[in-house]
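My notebook is open, and I am going through this model step by step. Come along and check each entry against your own view.

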Amino acid sequence: MAQLVFFNVFNGLIVGAFYALMALGLSLILNLSGVINFAHGGFLAIAAYLAYTLIPHVGFWGGLLLAPPLTAALGLLIERFLIRRLYRRDPLYGLLLTFGLAYVFEDATRYLWGAQSLPYPIPASLTTPISSTYFFLTGYRVFMVFLVAAAVGALFLVLKRTRLGIRIRAGTHDLETVSVLGTNVRILRNLNFGLGIYLAGLAGVLAAGMLGLEPTIGSSLIMPSFVAIIVGGLGSLPGTLLGGLLIGVASGVTTVFFPSATEAVMYVMMGAVLLVRPHGLLGEPGRAQ
Amino acid sequence: MSHDPSKKKFSRRTLVKAAAAAGAWQLVPRAVARAAGGEPVRFGFDDTLTGTYAALGKNTLIGCELAVEQINARGGILGRKVEMVVEDSTSGDAGTAVQKARKLIERDHVSFILGNVNSALALAMGQVTADRGILHIVPGGHTDAVTGTACHWNVFRVCNTTQMEANAVAPQLVKNAGKRWYYITPDYAFGHTLQAGLEKAGQKLGAVKAGADLTPLGTTDYSSYLIKAQAASPDVIIFLTQGADMINALKQAVQFGLEKRTHLAGAQQELEALEGLPPEARVGTWVFEWYWKQPGVPHLDAFVSAIRKKTGKVPTARTWQGYAAAWSCALAAHAAKSLDGVKLARAMQGLKLPPEIGLMPQAPFYRAGDHQLMPTLYVGQAQAGTAGSEDLFHVSQLVQGPEAAGPVEDSGCKLTWPHA
């Protein structure tokens, strides 16, 4: 039993890292623009399908390299022509727009690539378990954890060290002041949206290697990301990372004792956090209001 | 304030006139058609065209469309052309499925309802169609209750019950894999009844349950369940998940190398799922409800090439189910010489599908006692093939429907007729 729990904690961290990657993109957009991007799963699916289409021409690694920036470019366009128009309005409008976009993306992928699941090829070197005892540690999952760690590291570096990152962080706290100080807020929001969608794209390509590639791939992954943000705390990127890891572990451990509640436990956890600490584990009280 | 030409042109009076004209337009063709005795007979298709089961619903639709083309080419139904009215029920919202069924009956005046892939939606639609007295054929919702405890005088089912599938596959599971079974079961009606069916069938053969996990519908990550299943050291991990869940679960199990440690198998398997899996994950013993490649089945090649012409791919069991369901409507109308619901249902009882529609080694028929089609079940093994392969299943045993279904009394169905 102890070994089973240990295995599931370990495995939960791997799964959680993936949730965190999706949630970080969502969190970036929410923090700066106040838009709850329901279409995040749709962008994820588009990236996965783009990679699938590119793989015969550029191989697995080429797909992994090219699909996320292409999806981010689509994100920049969507932000520029649709989402930007709604910033001054009630947040509900942005929510409705992205909710609608999620459906548009899902049906567009169904129209372009078909409703049928597609087999997404991954290199043979990544498909085998690297240890006989820890059979759940396949080459692909270890690679995924490293890539997530690298992406998160790079993101935090961008936010800490670059001018763009510093402006994004400043804008998260007080966008008006940042604007008054001469930053073009429109461009800032646009680039930030693109950065968030890039992370969604990366998550999409990684997900396609583990799951069946079908039009609902994004919508089935989006809810854990929202939960990760709320558990971790609105406005806090380290919180989102922690939230993602925690729900991954909680789901894994629940499997051992109460398997049908693996999904429900995320929401129970969210409810508990909201009751005890409404601004989330690492969130700032002001942001939760 | 500003000059707006559209406002100037579009007055209230114009709107009223337009509405009246549209209303008249709606009436005229129907009146003309009635006068000519040529108003089409309508099939109402209410199935899963979006969401998790979209691929299955779409393949069902393709089969229905081919059947309708053929029915019309042979003179239609009672000398009238057949027309399909297609509605998306969504994959999981019973409210939408019921609302669409009502719309098809009340507004489109359909004579037949076809649907649904999702068992829960099929059951909900059955209530509506029974109330309205419309013949309803369920091409692909498997839970036992549809032709069991919740059966209706007007509801007939083409696909198998979960108990039939369990009974058909259980001996092969024992033979190929062993007797300690671990279940990974989707947490809804279909999964529960399929697991119960397998436990019942397995018990008779000495199989024991090594463990079972209920997984929420739409689960993406199966790793924690697989870790637990492996720890129980079963002879076989039985996957009862369907659609995307089946693909996710099997793909991850094979990535973990579990097929080298134990057997991976299940009951119902579909070509749609095998096509979505990478070749190395196409493993295990399963039941197919119909297969496009079977020696000694007359007319099979013609059907396969007709579907290939439409879609570029071979038909799946779902395509055949849609085809058989739509053709059953025409056959029933022909036998009843009427479109009256009760007369049609009476004609369906015991109806045998002719070889060009049955497309199975033995002619399937609708059992009169519970309205369940008695087809052939195809037990066999998934085969890897290559990335673009079409032949992904090797049939090793054919099980006849009545043998798999057991006596009609076991179904729990008690038919109550409206005029009885």
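**Entries on chains B and A**

I started just past helix H7 of chain B, where B:Gly206 follows the helix with a positive phi, near 85 degrees. I note here that the model is a predicted one.

Next I went back to the helix itself. H7(B) covers residues 189-204, which makes 16 residues. I looked up its span: from first C-alpha to last it reaches 23 Å, close to the 22 Å expected at 1.5 Å a residue.

Which residues of H7(B) are buried? I wrote down B:Phe190, B:Gly191, B:Thr193, B:Leu194 and B:Gln195, then B:Gly197, B:Leu198, B:Ala201 and B:Gly202. A reminder to myself: an α-helix has 3.6 residues a turn, so residues three or four places apart point the same way.

Then I asked what covers the buried residues of H7(B). The cover includes two helices of chain B, H5 (119-132) and H6 (162-176). I also found strands S6 (180-186), S7 (208-215) and S8 (236-239) of chain B in that cover.

I zoomed out to the domains of chain B. Domain 1 is made of 41-160 + 297-375, and domain 2 is 163-267. Taken over C-alpha atoms, the centres of these two domains of chain B are 30 Å apart. How many residues does each domain of chain B bring to the contact? I have 9 residues from domain 1 and 9 residues from domain 2. On the side of domain 1 of chain B that touches domain 2, I sorted the residues into 3 nonpolar, 5 polar and 1 charged.

Over to chain A. I found 11 helices and 0 strands there, and from the N terminus on the elements run α-α-α-α-α-α-α-α-α-α-α. The radius of gyration of chain A is 19 Å, close to the 19 Å that the globule rule gives for 289 residues, so chain A is as compact as a globular protein of that length. I also noted a box of roughly 60 × 50 × 35 Å, taken along the principal axes, filled by the C-alpha atoms of chain A.

Buried or not, I checked the share: 52% of the 289 residues in chain A are buried. Of the contacts in chain A with a separation of 6 or more, 72% are between residues 24 or more positions apart.

My last look was at confidence. Chain A has a mean pLDDT of 91, and 99% of its residues reach 70 or more. Among the elements of chain A, helix H2 (residues 40-81) has the highest mean pLDDT, 96, and helix H4 (residues 124-127) the lowest, 84.

Technical notes: Residues are numbered from 1 along each chain as its sequence is written. Chains are lettered from A and ligands numbered from 1 in the order in which they are written. This is a predicted model: local features need pLDDT of at least 70, side-chain atom pairs count only at pLDDT 80 or more; totals for chains, interfaces and linings use all residues. Helices (H or I, at least four residues) and strands (E, at least two) are DSSP runs, numbered from the N terminus. The radius of gyration is taken over C-alpha atoms; the globule rule is 2.2 Å times the number of residues to the power 0.38. A residue is buried if 20 or more other C-beta atoms lie within 10 Å of its own, exposed if 12 or fewer, and partly exposed in between; C-beta atoms are placed from the backbone. Two residues are in contact if their C-beta atoms, placed from the backbone, lie within 7 Å. pLDDT is the predictor's confidence in each residue, from 0 to 100. The expected span of a helix is 1.5 Å times one less than its number of residues. Domain bounds come from an automatic or database domain assignment. Ala, Val, Leu, Ile, Met, Phe, Trp, Tyr, Cys and Pro count as nonpolar, Asp, Glu, Lys and Arg as charged, and the others, Gly among them, as polar.
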